[in-house]
Amino acid sequence: MAIPFSGRRPPKQIAKESPQLPLRDVFVVGGTPTYTYVNRTETDMESRFIDALDDGNKIITISGPTKSGKTVFCKKMLAEDQRVWISGGTVSTADDVWTAIVHKLDGATARQSEAYVSEEDSSEFAAEAGINILAGSAKGEKRSKRAAQRGAAKTKFRVSSLVHEAIDLLVTSGSTLVIDDFHYIPEPERVRLVRALKAPLEEGLRVVFLCVPHRAIEPIRAERDMQGRIEVIAVPPWTNSELGEIAKKGFATLNVAAEDRVLEGLALESFGSPHLMQEFCRHLCRVNSVRNRQLLSKALTLRDRDEFFRRALDSSAQDVLGSLAAGPTSSRKRIQRSFVNGESGDTYVAVLRAIANTGPKTKLTYNELRESLRDILADEPPAAHEITRVLEKISDISRQRFGERGAIDFEETHKTIHVVDPFVAFYMRWGPPIGGDDE
Ligand SMILES: Nc1ncnc2c1ncn2[C@@H]1O[C@H](COP(=O)(O)OP(=O)(O)OP(=O)(O)O)[C@@H](O)[C@H]1O
Ligand SMILES: [Mg+2]
């Protein structure tokens, strides 16, 4: 399908704006873009979000693969003064979340609660209550049993008042609580958080969680009284045409243009990730010595396509693939399989190479994988149960090592394999052969 890029012909007029609009402000990699923000109007994401906020009474969960635009979307939908933003990666307990809210909405109150900690409140009790800001006070102090009990009672009181204070501040300020990367918070703490949020939801508190589409919200759905109280908005897959919009907008802003086929290639290699598309567009400008908005329109060219994409390889994706190919640590000797290209590797390497051999497709069926194994192996493919076992292990390692974000996921009920991480997909296409010598 052709991408309706309209950036082919450079605009005729000479730009009047300052030439000093830097490239990095146009193609934003890892932040919120302004000039190249694509309003995904062909999807119902925005209207669903607005309606859900309007309905209230529900936790809104925006779920989508890594680098699919969850954070950017939410920041665009909620202005800074309408939200309290907590990053799941910076908190490890529910109480950290309440503390952070109090801090953000009312620094003075936070200082007061800190001052409230008496000498006998040990770091032990604070840690028990999960309050990190208190950790470290009265280090190594030995207390009598009675003093310890008094400390525990005070801490409990303080924790519950902290929850109330945080929720009070949120409700009275009319702020929406946003927890980004919700999946980073350990599971029992996620459940604690949601339990504490149940009642305030009825009082009009608005809550948004952003997470990857795995198991992060399952335990919460299973919580008593939470059925029907969670609105999941899945980020729709980015189409090549939407990805093309990023290039179109950015190139028009910079007063440059590239041929349709070049832009189609960039969109195709982005594996549905606006992040990769932003990166490629920026890189294409750089290799054409475009670092600012151009006064005279300029045509961009892509001479060595392979070199261009190879330079964009991400080393963390290489590590991910390396550990998936290594499989679980066990002393069991693995069967070596011969590939048609003369190389060899165990079943883990064979399965990963077979996935890569499909393009890779980011979603493939078990049968497609089996067909691909036939293509790459010199001998018969492994037995069905062996392939399934290896896929399950790859999926497990993926989650254990790379958290809920995962990398490659095997959905057993539908016998479907998902390459959930666009960087991993990209590496599979452009990197050296998995399990090969030059890896
Ligand atoms: N609507 C958009 N229009 C243009 N570019 C976008 C858009 N959304 C995201 N991007 C690009 O993709 C990058 C990643 O987006 P974002 O950080 O929102 O992804 P994410 O899904 O939150 O990722 P993670 O799972 O790592 O938290 C942004 O820095 C930006 O370059
Ligand atoms: Mg994010």
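# A tour of the core, the ligand shell and two buried serines

Start with the largest nonpolar core, which has 68 residues. Select Phe251 and Leu369 to find the residues with the most contacts inside it. Keep in mind that this is a predicted model.

Next, colour helix α15, residues 347–357. This helix gives the most to the core, with 8 residues. Now colour by domain. The core draws at least three residues from domain 1 (23–30 + 244–310) and at least three from domain 3 (316–430).

**Ligand 1**

Move to ligand 1 and show its surroundings. There are 22 residues around the ligand. Pick out Val28, Gly31, Lys70, Thr71 and Val72, which are the closest. Which domains supply at least three residues each to this shell? They are domain 1 (23–30 + 244–310) and domain 2 (45–234). Domain 1 thus appears at both stops: it contributes to the core and to the ligand shell.

Colour the shell by residue class. You should find 10 nonpolar, 9 polar and 3 charged residues.

Now check the polar atoms, one by one.

- Select Lys67: a polar atom of its side chain lies 2.8 Å from a ligand oxygen.
- Select Ser68: here a polar backbone atom is 3.1 Å from an oxygen of ligand 1.
- Select Gln278: an N or O atom in its side chain sits 3.0 Å from a nitrogen of the ligand.

Switch on the surface. Ligand 1 taken alone exposes 630 Å², and the protein buries 92% of that. Then show the secondary structure. Two elements, α3 (70–77) and α12 (274–287), give two or more residues to the shell.

**Ser175**

Go to the loop between α7 (145–173) and β3 (176–180), and select Ser175 there. Is this serine buried or exposed? Ser175 has a relative accessible area of 6%, so it is buried, the cut-off being under 20%. Show the side chains of Ser175 and Ser173: they make a polar contact at 2.8 Å.

**Ser398**

For the last stop, select helix α17, residues 384–402, and find Ser398 within it. Ser398 counts as buried because its relative accessibility is 1%. What does its side chain reach? Draw a distance to the backbone nitrogen of Ala407: the side chain of Ser398 reaches that atom at 2.9 Å.

To compare the two serines, show them together. Ser175 lies in a loop, whereas Ser398 lies in a helix. The partner of Ser175 is a side chain, that of Ser173; for Ser398 the partner is a backbone nitrogen, that of Ala407.

Note on methods:
Residues are numbered from 1 along each chain as its sequence is written. Chains are lettered from A and ligands numbered from 1 in the order in which they are written. This is a predicted model: local features need pLDDT of at least 70, side-chain atom pairs count only at pLDDT 80 or more; totals for chains, interfaces and linings use all residues. Side-chain values use heavy atoms; hydrogens and water are left out. A residue is near a molecule or strand if one of its heavy atoms lies within 4 Å of it. A polar contact is a pair of N or O atoms within 3.5 Å; within protein, one must be able to donate a hydrogen and the other to accept it, and residues adjacent in sequence count only if both atoms are side-chain atoms. Accessible areas come from the Shrake-Rupley method with a 1.4 Å probe; for residues, only the protein chains shown count as cover. Helices (H or I, at least four residues) and strands (E, at least two) are DSSP runs, numbered from the N terminus. Ala, Val, Leu, Ile, Met, Phe, Trp, Tyr, Cys and Pro count as nonpolar, Asp, Glu, Lys and Arg as charged, and the others, Gly among them, as polar. Domain bounds come from an automatic or database domain assignment. A nonpolar core is a set of buried Ala, Val, Leu, Ile, Met, Phe, Trp, Tyr and Cys residues joined through side-chain atoms within 4.5 Å. Buried means under 20% relative accessible area, exposed over 50%, partly exposed in between (1.4 Å probe, protein chains only).
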